[in-house]
Each structure stands twice: as C-alpha cells, then as structure tokens.
Amino acid sequence: MLTSAAAVVDRVVGLEMGADDYIPKPFDPRELLARLKSVLRRTLAASAGDLGEARVRIGRCVLDLAAHRLIDENGVEVAMSPLEFDLLKALAEHPTARCRASRS
C-alpha cells in the first residue's frame, strides 16, 4: 500500500487486511523500488508453485489463465473486467518487468 495515512494503527490495519507492504507518503523512490524487489523475491517462488502453466498464484488468489478468471482463497471468483484480467495476466506472465519499468 502507498498512502498518506502514516499512523501506526493505519499501517497495522493495512497489513492485517492483506497488504504485502505499507509505505506512507512522502517516500523515497529508491526505498519504494527496494520494497518492490523484496516483495517480488518473496512472491516469485510462490507463484511458480505446483499450479501448472495455466494457473498462477497471486498472493492468496489463483489466476486461471485458461478460464480467464481470478479465484480468491475461499474459491470464490473475483469479478473483473476483461481489461483488468489482461493487465493482471500481463503482470503475472512478466513479473520482473515490473521492477525494470519503475526505473525509467
């Protein structure tokens, strides 16, 4: 999460709600990049788990590439537009591009 709410209670609530990290504004761009890389290191190995080629783990959800749907941790489909799905698919298929793009 990147937000202007910087109180400790805000950070704790954000993390308890499922955020991988919490960065209050103002922030140093180098710190943001370092935190993004840290999250990627933790999640890239998990996303390449035993799901097969047609499914990718994204946090607590599973992106089913063949069925064009996102399933949450309870097995419920997350509603999203075709554009949202395509964007999530692109990010899942090219995870390291997220850090390279942020350097420019």
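1. The hairpin of β3 and β4 is a good place to start: it has two residues between its strands, and Gly 59 there takes a positive phi near 60°. This is a predicted model, and the points below should be read with that in mind.

2. The two strands of this hairpin are β3, residues 55–58, and β4, residues 61–64. Four bridges pair them in the antiparallel sense. To find the pairing in the structure, look for Val 56, which stands opposite Leu 63 in β4. Strands of a sheet in general pair through backbone hydrogen bonds, either parallel or antiparallel.

3. The hairpin belongs to an open sheet of four strands, with the order β3-β4-β5-β6 and antiparallel pairing. Which strands form the edges? They are β3 and β6, the latter covering residues 77–78, and each pairs on one side only.

4. At the β6 edge, strand β5 (residues 69–71) is joined to β6 by two bridges, and the two run antiparallel. Here the pair to look for is Leu 70, which stands opposite Val 78 in β6.

5. Next, the salt bridges. How many does a search of the whole structure find? The search finds four. One of them is between the side chains of Arg 35 and Asp 21, at 2.7 Å from N to O. Arg 35 lies in helix α2 (residues 29–47) while Asp 21 sits in the loop between α1 and β2, so this pair ties together parts that are 14 residues apart in sequence. Arg 35 is partly exposed, because its relative accessible area of 29% lies between the cut-offs of 20% and 50%.

6. Asp 21 deserves a closer look. Its loop runs between α1 (8–16) and β2 (23–24). The 2.7 Å approach of the Asp 21 and Arg 35 side chains also counts as a polar contact. Leaving aside neighbours within four places in sequence, Asp 21 is in contact with Met 1, Leu 15, Arg 35 and Val 39.

7. A salt bridge also links Arg 60 and Glu 73, whose closest N and O atoms are 3.9 Å apart. Arg 60 is in the loop between β3 and β4, and Glu 73 is in the loop between β5 and β6, so the pair ties together parts that are 13 residues apart in sequence. Are these residues buried or exposed? Arg 60 is exposed, with a relative accessible area of 51%. Glu 73 counts as exposed too, at 54% relative accessibility. Elsewhere, salt bridges that share partners join Asp 21, Glu 31 and Arg 35 into one network.

8. Asp 28 and Arg 30 make a salt bridge through their side chains, at 4.0 Å from N to O. Asp 28 counts as partly exposed, at 37% relative accessibility. Arg 30 is exposed, with a relative accessible area of 69%.

9. The last point concerns the surface. Which residues make the nonpolar patch of about 320 Å²? They are Val 9, Val 13 and Met 17. Met 17 is found in the loop between α1 and β2. Met 17 is exposed because its relative accessible area, 69%, is over the 50% cut-off.

Methods. Residues numbered from 1 in each chain as written. Predicted model: local features only at pLDDT ≥ 70, side-chain atom pairs only at ≥ 80, totals over all residues. Heavy atoms only, no water. Pairing = 2+ DSSP bridges. Polar contact = N/O pair within 3.5 Å; in protein donor to acceptor, adjacent residues only side chain to side chain. Contact = heavy atoms within 4.5 Å. Patch = residues over 30% accessible without salt bridge, like charges linked within 9 Å, V, L, I, M, F, W, Y side chains within 5 Å. Areas by Shrake-Rupley, 256 points an atom, 1.4 Å probe, with all protein chains shown as cover. Buried < 20%, exposed > 50% of the residue type's maximum accessible area, 1.4 Å probe, protein only.
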